[in-house]
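Subject: Structure handover and notes

Dear colleague,

Here is the structure I promised to pass on to you, with the sequence alongside. Please open it before reading further, as the notes below are meant to be followed with the coordinates on screen.

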Amino acid sequence: MTISLIVINFGIFFAEPITSAIAPQPGQQPVAIAEWIIDAGNHHPNAYMLQFGEGIKPWQGVTAAFLHANLLHLIGNMLFLFVFGLIVEGKIGWWKFLLIYLGIALVWGLMLQVIVAILNPGLQVAALGASGVIFGLMAIAVIWAPLNNLEIVIVFQRFGNASHSVQPVDVPVVTLAGGYLLLDIVTSIFIVQGRYGFVPYTCVLHATGALLGAAIGLWMLRWKIVDCERFDIFSVWAGDHEKTQDQLDQESAAKTEKTLVQQGLDQIRQILDEGENPQLAYRAHVSMAEKYASWHLPEREFLTIIKQLCDQQRDRDAVLAMEEYLKANRLKQNQVRMKLASLLTGSMQLPGQALSTLLPIRYGDLSPKEQALYERIATEAKTSQAAGVVDLPLDDW
């Protein structure tokens with residue numbers, strides 16, 4: 001499609017001089033052809049140029065994109081269309097490329113006519129050429145393939161000397177196209193702020209086309225309409241283009257797990273905030289711990305689960321939760337041990353287990369209030385044993 005568009009542009013440019021050669025005025029064929037090649041813009045019908053001050057005619061953006069002022073204008077545009085058109089078309093195929101090409105031209109023409117009509121309504125000028133669309137393709141190429149190399153040729157000519165040297169150089173798309181885009185955008189800003197108001201000079205035509213192309217390129221990348229194989233500008237910025245597929249898969253899996261872990265934690269917090277079903281929160285924690293190696297229930301949520309289970313007399317679940325807490329060697333070991341020992345001494349009637357649970361506590365590390373609680377639990381457990389309640393320690397916590 002890129003080659004076809006180039007052929008169409010050349011065909012339209014030379015259509016008039018070819019017609020003149022077929023039906024000539026005597027002796028005027030060479031003159032007519034030469035005038036067209038030098039200044040074809042003066043021969044194009046105004047209705048097909050992008051006109052300003054003649055109303056809103058967005059289709060003129062499309063027709064104007066196939067007209068050129070002279071042969072040098074045509075060759076320059078087609079050279080850039082060849083380079084950047086092949087990059088963009090190579091990513092998405094011919095028919096999507098054609099839609100982008102014509103779509104940029106149509107919206108570009110409409111946008112410029114509307115802006116001029118609002119900001120500079122008295123201006124009456126016309127524009128032509130494919131460069132606005134081509135700058136849109138350049139912006140897309142920068143987003144989709146910034147590191148693709150382009151081979152350019154630099155010719156060094158010494159003044160006053162017939163000799164010259166030719167040097168081929170590989171230049172990344174982001175350097176070549178980015179330089180052109182930045183230059184025209186900056187120049188446009190100064191021109192728009194000038195005393196003549198908004199005038200669609202060449203740099204403005206280029207900059208607006210580039211902005212449209214960038215919007216399309218970002219949109220297609222965001223919605224995965226184009227596959228840049230990790231060489232788009234965002235992947236390059238993140239360094240993903242240098243990673244192996246295994247590394248990317250591991251990072252993706254870790255990112256997915258992180259999201260799921262956070263969702264699980266949010267659900268547990270919601271259950272605890274409601275305060276009606278702490279056993280559901282604890283079972284959700286157990287399930288998350290089995291599924292994800294990175295799962296860690298924060299201290300505050302773990303202690304809240306234990307408290308709510310004890311308050312609602314969910315003894316079995318409370319014991320399981322406190323047992324897990326103690327084995328994980330968390331911060332509030334002494335407090336949870338005494339809470340567990342109190343439960344074992346009271347409703348569960350396991351005084352021996354309660355005393356065994358109290359043994360690892362360093363009595364001197366407790367506050368006076370905690371020491372009093374420790375003494376009360378130990379006394380109750382020993383009293384139960386003296387009354388004939390006998391049990392064997394079930395576990396070493």
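What follows is an account of the nonpolar cores, the aromatic rings, the cysteines, one helix and a few single residues. Please keep in mind throughout that this is a predicted model.

**Nonpolar cores**

The largest nonpolar core contains 41 residues, and within it Leu81, Tyr101 and Trp144 have the most contacts. Two or more residues of this core come from each of helix H1 (2-22), helix H4 (71-92), helix H5 (94-119), helix H6 (131-144), helix H7 (173-192) and helix H8 (202-222). Of these elements, H6 supplies the largest share, with 11 residues. The surroundings of Tyr101 can be listed in full: once neighbours within four places in sequence are set aside, Tyr101 is in contact with Leu5, Asn9, Ala65, Phe66, Leu81, Ala130, Val133 and Leu137. There is also a second, separate core of 38 residues, which includes Ile271, Phe302, Ile361 and Ala381. As general background, nonpolar side chains in soluble globular proteins tend to be buried together.

**Aromatic rings**

Eight aromatic pairs are present in the structure. One of them joins Phe13 and Phe14 in an edge-to-face arrangement, with 5.1 Å from centre to centre and 85° between the planes. The two partners can be set side by side in terms of accessibility: Phe13 is buried, with a relative accessible area of 2%, whereas Phe14, at 24%, counts as partly exposed. The ring pairs also link Phe10, Phe13 and Phe14 into a cluster.

Another pair is formed by Phe97 and Tyr101, and this one is tilted, with a centre-to-centre distance of 6.3 Å and 50° between the planes. Both of these residues lie in helix H5, where they are four residues apart, or about one turn of the helix, and both are buried. A further ring takes part in a contact with a charge, since the charged end of Arg222 sits over the ring of Trp223 at 5.1 Å from its centre.

**Cysteines**

How many disulfides does a search of the whole structure find? The search finds zero. Two of the cysteines may still be worth a look, as Cys203 is buried at 8% relative accessibility and Cys310 is buried with a relative accessible area of 17%.

**Helix H12 and its surroundings**

Cys310 belongs to the list of buried residues in H12, together with Glu299, Glu301, Phe302, Ile305, Ile306, Gln308 and Leu309. The helix covers residues 299-311, and its length can be checked by a short calculation: at 1.5 Å a residue, its 13 residues should span 18 Å, and the end C-alpha atoms are 18 Å apart, so the two values agree. The buried residues of H12 pack against helix H10 (245-274), helix H11 (278-291), helix H13 (315-327) and helix H14 (333-345).

**Backbone and single residues**

Some residues have a positive phi. Just after H12, Gln313 takes a positive phi of about 60°. Asn329, which is not a glycine, has a positive phi near 55°; Asn329 is placed in the loop between H13 and H14 and is exposed, with a relative accessible area of 61%. Gln349 likewise has a positive phi, near 50°, in a residue other than glycine; Gln349 is found in the loop between H14 and helix H15 (351-358), and at 40% relative accessibility it counts as partly exposed.

Ser235 lies in helix H9 (residues 233-238) and is buried, with a relative accessible area of 13%. Leaving out residues up to four places away in sequence, Ser235 touches Arg230, Asp240 and His241.

Finally, Pro30 is found in helix H2 (residues 29-39) and counts as exposed at 56% relative accessibility. The C-alpha atoms of Pro30 and Ile115, which are 85 residues apart along the chain, are separated by 42 Å.

With best regards

Note on methods
Residues are numbered from 1 along each chain as its sequence is written. This is a predicted model: local features need pLDDT of at least 70, side-chain atom pairs count only at pLDDT 80 or more; totals for chains, interfaces and linings use all residues. Side-chain values use heavy atoms; hydrogens and water are left out. A nonpolar core is a set of buried Ala, Val, Leu, Ile, Met, Phe, Trp, Tyr and Cys residues joined through side-chain atoms within 4.5 Å. Buried means under 20% relative accessible area, exposed over 50%, partly exposed in between (1.4 Å probe, protein chains only). Contact means heavy atoms within 4.5 Å. Rings of Phe, Tyr and Trp (its six-membered ring) pair if their centres lie within 6.5 Å; planes under 30 degrees apart count as stacked, over 60 as edge-to-face and the rest as tilted. A charge sits over a ring if NZ of Lys or CZ of Arg is within 6 Å of the ring centre and within 35 degrees of the ring normal. A disulfide is a pair of cysteine sulfur atoms within 2.5 Å. The expected span of a helix is 1.5 Å times one less than its number of residues.
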